[in-house]
Amino acid sequence: MYLQKMFSCSRLLARPNALQTIRRAASQGKMPLARAHGKSFAHRSELRQAKRIVVKLGSAVVTRGDECGLALGRLASIVEQVAVLQNQGREMMIVTSGAVAFGKQRLRHEILLSQSVRQALHSGQNQLKDMALPVLEARACAAAGQSGLMALYEAMFTQYSTCTAQILVTNLDFHDDQKRRNLNSTLHELLRMNIVPIINTNDAVVPPPEPNSDLQGVISIKDNDSLAARLAVEMRADLLIALSDVEGLYDSPPGSDDAKLLDTFYPGDQHSITYGTKSRVGIGGMEAKVKAALWALQGGTSVVIANGTHPKVTGHVITDIVEGKKVGTFFSEVKPAGPTVEQQTEMARSAGRTLASLEPEQRSDIICAFADLLTERKDEILSANKKDMEHAASTGRLSPALLNRLSLSSSKLNSLSIGLRQIAVSSQDSVGRVLRRTRVANNLDLEQITVPIGVLLVIFESRPDCLPQVSALAIASGNALLLKGGKEAAHTNRILHELAQEALSIHGVKDAIQLVSTREEVEDLCRLEKMIDLIIPRGSSELVRDIQRAAKGIPVLGHSEGICHVYVDHEASIDKAIKIIRDSKCDYPAACNAMETLLVHRDLLRTPVFDQIIDMLRTEHVKIHAGPKFASYLTFSPSEVKSLRTEYGDLECCIEVVDSMQEAVDHIHKYGSSHTDVIVTENEETAEQFLQQLDSACVFWNASSRFADGYRFGLGAEVGISTARIHARGPVGLEGLLTTKWVLRGEGHTAADFSEQGTMTYLHENLPVAQLLPGRRTTS
């Protein structure tokens, strides 16, 4: 059997053109190329470049909860990830625990079997319940379990056409120069042959660890943490992934009230850590892991400590780390100059609470000051914007439409300043407004008042004018704000953010608005569910969809698609129809409220009305796609549409035929995105039925779909358009950034007062909100 396995490995190694395939993949950027060793990666995003990777599996990861036997499902998912990375052309090594647990299971089984046989011979009865198992010595368990553990790894990796090799080491193997050279040579040869080495301490013969036995500048092998670190440095590995039963490194023992998971750990931060107890199995602990990680980091190997036991993430924890995602704790020697995004969020929340407690006039003052700065410092803004425009033009990555969005001008800044002043006026009666007041009982009054949502995360692409608008709305609504702009507008965003903070400083709330300028991935930001209360994406439908998929536990306000329809009824005015269709499609084709599908009543086909609509679209250079029903009426039709759920975002649209207004409603419900839909008709009854039956955020009668806009609605400005069913819907302005809370004012009332034995009864009288205590604001 052993010879057969070796033969199968040799056949895999001898596959024709295997080396050429790997080299071709590397040249095409599909796999990492070897890099010069000596310096660890500074940022998570660089982990994608890791070529040689050591994966350390702690005892808690490999063993079951009862410590007798292996966690086979967990181990299988880890093996699959290692095999996938190996087949990508990376060089994978595993440092594993588990031999003691595997052997313990095996020896217990043998002891129980032998005891049952002896008892059967002496008493004729099986009295397994009364059997007492002896304490098993760890070295004996390791000796009994090593062969079985390796056989299991071989069987699992064989499923992915991956060969493995076992290496057992002790501390002495690293202290002896000749043995260390031999070990190094063996590992390099195995990696060269595309074999995954599986390394473990030889626990059958290893002596107990001696405390404080590290040599000068060298870590001794006390456990698999130190073994993995020593091996990673000896083999010049790019990355060491240490999997345990905790999420990563906390600043205090996990489970304590104030414990915070550290996303990144720096060598100078040891003094700020309080270590807890060791895991349920194993001889190390978090302190040992950190010591080993820092030693490996000093030797030029990047380190990530993460949870390998969580059922929801175990299946992709290793690949997520290699892809640079925020998993576990990343050890880095390069400490950023500014705060982390978590620290920025905490700063914003703290300052945001102070912002919400300001008087309305004070928040208005801040917005007006920001509006003044936009015009007073326009030369600085335009200079920064020029740098962004020049860089974008030189790279050629932005389309003309996106370049136009990126561009700022004096007139744009003046318009922004005017818009901010409008928001300042509307903010006078936003936070703390009483919506309802109820007298529950005598001297017991209940109020429902408006309050900020909390911390907003706004992610926007190449639209720097979005920053002042959203900032003003956040200030007006008393919300803290985290901004993540596109890198193509980095210079412009930076100066606009500085001006926003300068205005906020008037009343001491500078930190309420933060600009994320680190290398944080959008997906990582969407995982801060304990810090962020609402995500607002401003950009393409692809961006919105990506954020909606990535957001876990955080509501997303927005729409992934803008598939807007215009239905032309058989009783429509031709003049109105032409105007509305032209404006809906041609005014700004890339806008989310632009028409994408034109529905035409069947009676209008082959009439002058229909001919004029087609002529107008051709004059405007709109490419027409025929829906299935429309195509069936034509001998020579335009290209048939591939999908009726298409958002073109350009001078293109689909035309489809319907038999009635009801069929138009059914079509929109089936293929639309609940954004904005329009009916053109002179029949009031038909129009009212359309408006009532259609379930979209915006429904218009004889008006262009382009009216679905916060400014046109008189909201001053908008943070986006929402197609959600709860909270805000349609264009979202200041009101959409507020929620409510209930305030109850009593005089020592208790629930017992209203029981059968109590002396009070409920009144539940709805009072006019004007009947307020002195100094309270009203809705009027």
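1. Helices α13 and α16 run roughly antiparallel to each other in this predicted model. The reasoning is simple: their axes cross at roughly 175°, and angles over 145 degrees count as roughly antiparallel. The axes of α13 (residues 360-376) and α16 (residues 410-426) come within 9 Å.

2. If you would like to look at that contact on screen, here are the residues. From α13 come Ser364, Ile367, Cys368, Phe370, Ala371, Asp372, Leu374 and Thr375. From α16 come Leu413, Asn414, Leu416, Ser417, Leu420, Arg421, Ile423 and Ala424. By character, the contact of α13 with α16 divides into 10 nonpolar, four polar and two charged residues.

3. Next, helix α24, which spans residues 661-671. Its buried residues are Met661, Ala664, Val665, His667, Ile668 and Tyr671. These buried residues cover an arc of only 160° around the axis, so they sit on the same side of α24. A reminder that may help when you read the numbering: an α-helix has 3.6 residues a turn, so residues three or four places apart point the same way.

4. What do the buried residues of α24 pack against? Their partners are four strands, β15 (564-568), β16 (595-601), β18 (652-658) and β19 (676-680), together with helix α25 (684-693).

5. On to the aromatic pairs, of which the structure holds five. One of them joins tyrosine 567 and phenylalanine 690, which are stacked, with 6.4 Å centre to centre and 20° between the planes. Tyrosine 567 belongs to strand β15 and phenylalanine 690 to helix α25, so this pair ties together parts that are 123 residues apart in sequence. Both tyrosine 567 and phenylalanine 690 are buried.

6. Another pair, phenylalanine 610 with phenylalanine 630, is edge-to-face, at 5.7 Å centre to centre and 70° between the planes. Because phenylalanine 610 lies in helix α22 (residues 608-619) and phenylalanine 630 in helix α23 (residues 628-632), the pair ties together parts that are 20 residues apart in sequence. Are these two rings' residues buried or exposed? Phenylalanine 610 is buried, with a relative accessible area of 8%, and phenylalanine 630 counts as buried too, at 3% relative accessibility.

7. Finally, a word on serine 674, found in the loop between α24 and β19. Serine 674 has a relative accessible area of 17% and is therefore buried, since the cut-off is under 20%. Leaving aside residues up to four places away in sequence, serine 674 touches Asp695, Ser696, Ala697, Thr723, Arg725 and Arg729.

Note on methods: Residues are numbered from 1 along each chain as its sequence is written. This is a predicted model: local features need pLDDT of at least 70, side-chain atom pairs count only at pLDDT 80 or more; totals for chains, interfaces and linings use all residues. Side-chain values use heavy atoms; hydrogens and water are left out. Buried means under 20% relative accessible area, exposed over 50%, partly exposed in between (1.4 Å probe, protein chains only). Helices (H or I, at least four residues) and strands (E, at least two) are DSSP runs, numbered from the N terminus. The arc is that of the directions from the helix axis to the C-beta atoms. Contact means heavy atoms within 4.5 Å. Rings of Phe, Tyr and Trp (its six-membered ring) pair if their centres lie within 6.5 Å; planes under 30 degrees apart count as stacked, over 60 as edge-to-face and the rest as tilted. Axes are lines fitted to C-alpha atoms, for helices over the stretch in contact, and angles run from 0 to 180 degrees between N-to-C directions. Angles under 35 degrees count as roughly parallel, over 145 as roughly antiparallel, 65 to 115 as roughly perpendicular and the rest as oblique. Ala, Val, Leu, Ile, Met, Phe, Trp, Tyr, Cys and Pro count as nonpolar, Asp, Glu, Lys and Arg as charged, and the others, Gly among them, as polar.
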